[in-house]
Amino acid sequence: MASRLVTQLGIQDLDDASASGLADRIRALILDGRLTVGERLPSERALELRRSRSTITRAYGVLEAAGYVSRHHGGSTRVALPHGPSTATPGRDDEAIDLSIASMDSTPGLYDATVRSLPRLAALRGTSGYSLQGLPELREAVAGRFTERGAVTTPDEIMITSGALNAVNLILTAIGRRGERALVEQPTFPHALEALHRHGYRLVPTPVDTDGWDTRHLTDTLLTARPHVAYLIPDFHNPTGATLPQEERSRIATTARNTGTHLIVDETTAELDIDRGWAPVPMAAEGPNVITVGSMSKIAWGGMRIGWVRAERSVIARLLAVRPSFELGTALLEQCIAVELLDDVPALTHHVRRRLTAGRDAVAAGIADIPGMRMPETPGGLSAWIDLGAPLSTTLSLAARERDLILPPGPRFTTGGVLERRLRVPITLPPERTAEAMTRLAQAWADVRGGGVDATADLAHAAVI
């Protein structure tokens, strides 16, 4: 356990930290979700090789007084969260800008699609209302979209789910093997990492950056680790924005097939194109070992909890067998609305392109005025993967909270507390809101560069979307 905390903190941070500084860093890991509530922390004696025991004891004391750790019988120290009234000032929640959520408002056609869906819903009133695999017309629409993009698909290869993350958890429930390895990109979507952890997988990372994947590392890892599953985001990767080249998709899928690895391909961001200039064929076309998940949340609205799984029929049968153990289907109203929306995909993608273009331009303008930061080319996706030029991401995240700006640091998207030089900034907010967020980010950056960070404010642990 000591090595895990040292890994999360970083050796240099642990070597150089004062008691209060060390407490702030551990507190940041707790608020960021990288240390979990109830997790046992190493003893003061176990950390003595890095800092004096008195420094560790004082740091734990500061955390205990603030409610972030609790002491138990036998001397163990465990992660906790403070209970009791918030000390936030009135109206602070309204003033805060939350950059942990990379999602747009609803498509303009949502209201009309809802109205058009009502006769379809009314026609279902004579049924049981349960829809384990999903409405046939929605499965047909989703299958048709896969076929249009180059992966011939039939409706019986589709299951409708309550969002993409629900789909991932359903897949892991059906095919998961506790104790096996799972290959994951680093960085990647944090809640997918949490799902794999919860299902007992040991994570094996492979690097991704704004310029793409190290395909040789990925395929070598498949061959040597022979993971049971691999979770990939090949289109407008979250958070880097990279797109996996077509020839590399085939190479990865073939290697995974040879090692018996199930590829779980997340296409939640696949339709978020601004100006990529080309359209890859879905990895679903590469073979039966590819299981694809997708969602309406990014192209229509996050409030529509509609997702899907595209897989061969035998996998769909396994999903149908386990699904009733935790849910009996997806809400029919949302399915009816989704049928109407998917009837006009060009309208959805036009709205996405317009909003993301404006958001990207606003982030680029803001980052250009912040010394030391660099924004890479961002041809689509949810966010820009900002290079800070120095390992200050967690420190900047703490400073931003003092400016009512909530943003997860780079290590939140990794398996081991690395990538402190990186910061995910969504390009999904309206330009005027983004401009204000960039102003606050510049102020927080000045605080960090000037050494004036005050990490005393409390914010609740939040999801990263």
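**Exercise 1. Find which residues of helix α12 (residues 313–322) are buried, and work out how they sit around the helix axis.**

*Solution.* Start with the list: in this predicted model, Val315, Ile316 and Leu319 are the buried residues of α12.

Next, recall the geometry. An α-helix has 3.6 residues a turn, so residues three or four places apart point the same way.

Now check the directions: the buried residues cover an arc of only 100° around the axis, and therefore lie on the same side of α12.

Finally, look for the cover. The elements over these buried residues include the strands β5 (158–161), β11 (290–295) and β12 (307–310), together with helix α8 (164–175).

**Exercise 2. Describe how strand β15 is placed: is β15 enclosed or open, and which way do its residues point?**

*Solution.* Begin with the count. Five of the five residues of β15 are buried, so the strand is largely enclosed by the rest of the structure.

Then sort the side chains. In a regular strand the side chains alternate between the two faces of the sheet. In β15, Arg422, Arg424 and Pro426 point one way, while Leu423 and Val425 point the other way. Both groups are buried, the two arginines included.

Last, find the partner. β13 and β15 run antiparallel and are joined by five bridges. In this pairing, Ile386 stands opposite Leu423 of β15.

**Exercise 3. Search the whole structure for aromatic pairs and classify what you find.**

*Solution.* The search gives one aromatic pair. Its members are Trp385 and Phe413, with 5.9 Å centre to centre and 80° between the planes. Planes over 60 degrees apart count as edge-to-face, and that is the class of this pair.

Now place the rings along the chain. Trp385 belongs to strand β13 (residues 383–387), and Phe413 to the loop between β14 (405–406) and β15 (422–426). They are 28 residues apart, and the pair links distant parts of the chain.

To finish, check exposure: Trp385 is buried at a relative accessible area of 1%, and Phe413 is buried at 0%.

**Exercise 4. Locate arginines that lie over the face of an aromatic ring.**

*Solution.* One case is Arg276, which lies over the face of Trp278 at 5.6 Å from the ring centre. Another is Arg310 over the face of Phe146, at 6.0 Å from the ring centre.

**Exercise 5. Put these details in the setting of the chain.**

*Solution.* The chain holds 16 helices and 15 strands. Of its 465 residues, 54% count as buried. Among contacts between residues at least 6 apart in sequence, 76% join residues at least 24 apart.

How values were computed. Residues numbered from 1 in each chain as written. Predicted model: local features only at pLDDT ≥ 70, side-chain atom pairs only at ≥ 80, totals over all residues. Heavy atoms only, no water. Phe/Tyr/Trp six-rings, centres within 6.5 Å; stacked < 30°, edge-to-face > 60°. Helix = DSSP H or I, 4+ residues; strand = E, 2+ residues; numbered from the N terminus. Buried < 20%, exposed > 50% of the residue type's maximum accessible area, 1.4 Å probe, protein only. Lys NZ or Arg CZ within 6 Å of the ring centre and 35° of its normal. Contact = heavy atoms within 4.5 Å. Arc of directions from axis to C-beta. Pairing = 2+ DSSP bridges.
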